[in-house]
Amino acid sequence: MAEAGQRLILAFDYGTRRIGVAVGNELLRSARELTPLTARDGIPDWNVVERLLSEWQPDLLVVGLPLNMDGSESDMSTRARKFGNRLHGRFGKPCAMVDERGTTREAKMIAREAGHKGNYRQDSVDGIAAILILEGWFAHQEGLPGGRLSL
């Protein structure tokens, strides 16, 4: 495993139909979108997840935690935590949960500015949201606002 500051990280934007994925390099503080995972009621094809982890060999996994605006837990945050726990349990990789409040709204705004037509079911913004989650994690590591780590 790479030391802190030099890790390769996979970030996930958990959803019941799709799970956005981004990969990032901690040293460069850069992230890019990967193909979203399809999910059935929040459960991905674990074989596809295994191939993804085999391909990228991440040192750390980061999962967005969709808290309510007041910071309280929601049904989706409970499910996202369970997803993070399953990632850790199945693959033995450390997994951090990151407060992702506002990332979907911000991802939609970024997509609209890039010409998105608004059909998010057909053309998702889950990968953009995963990038924002990872960028929030990077910000937290630097002690900057916007990166709210949740355990």
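Which residues form one aromatic cluster? Here are some notes on that point and on the helix beside it, with the reminder that this is a predicted model.

1. **The aromatic cluster.** Phe12, Tyr14, Trp46, Phe83 and Phe91 are the members of one aromatic cluster. The structure as a whole holds 5 aromatic pairs. One of them joins Trp46 to Phe83: the rings are stacked, at 5.9 Å centre to centre and with 25° between the planes. This pair is a nice one to look at, since it links distant parts of the chain. Trp46 belongs to helix 1 (residues 46–56) and Phe83 to helix 2 (residues 75–91), and the two are 37 residues apart.

2. **Burial of the stacked pair.** Both partners are out of reach of the probe for the most part, given that buried means under 20% relative accessible area. Trp46 has a relative accessible area of 12%, so it counts as buried. Phe83 is buried as well, with a value of 3%.

3. **The buried side of helix 1.** Trp46 also takes part in a second story, as one of the buried residues of helix 1, together with Val49, Leu52 and Leu53. These residues lie on the same side of helix 1, because they cover an arc of only 115° around the axis. Have a look at what covers them: the list includes strand 1 (8–13), strand 2 (18–25), strand 3 (30–40), strand 4 (43–44), strand 5 (60–65) and helix 2.

4. **The other face.** Turn helix 1 around and you will find Arg51 and Glu55, exposed residues on the face turned away from the buried side.

5. **The two ends of helix 1.** At the start, Asp45 places a side-chain oxygen within 2.9 Å of the backbone nitrogen of Asn47. After the helix comes Gln57, which has a positive phi, near 50°.

6. **The fold around it.** For the wider setting, the protein chain has 4 helices and 7 strands. Their order along the sequence is β-β-β-β-α-β-α-β-α-α-β. Taking the contacts between residues at least 6 apart in sequence, 61% join residues at least 24 apart. The Trp46 and Phe83 pair, 37 residues apart, is a concrete example of a link between distant parts of the chain.

7. **Burial and surface overall.** The protein chain has 151 residues, of which 44% count as buried. About 8,200 Å² is exposed, and carbon and sulfur atoms supply 48% of that area.

Conventions. Residues numbered from 1 in each chain as written. Predicted model: local features only at pLDDT ≥ 70, side-chain atom pairs only at ≥ 80, totals over all residues. Heavy atoms only, no water. Buried < 20%, exposed > 50% of the residue type's maximum accessible area, 1.4 Å probe, protein only. Contact = heavy atoms within 4.5 Å. Areas by Shrake-Rupley, 256 points an atom, 1.4 Å probe, with all protein chains shown as cover. Phe/Tyr/Trp six-rings, centres within 6.5 Å; stacked < 30°, edge-to-face > 60°. Arc of directions from axis to C-beta. Polar contact = N/O pair within 3.5 Å; in protein donor to acceptor, adjacent residues only side chain to side chain.
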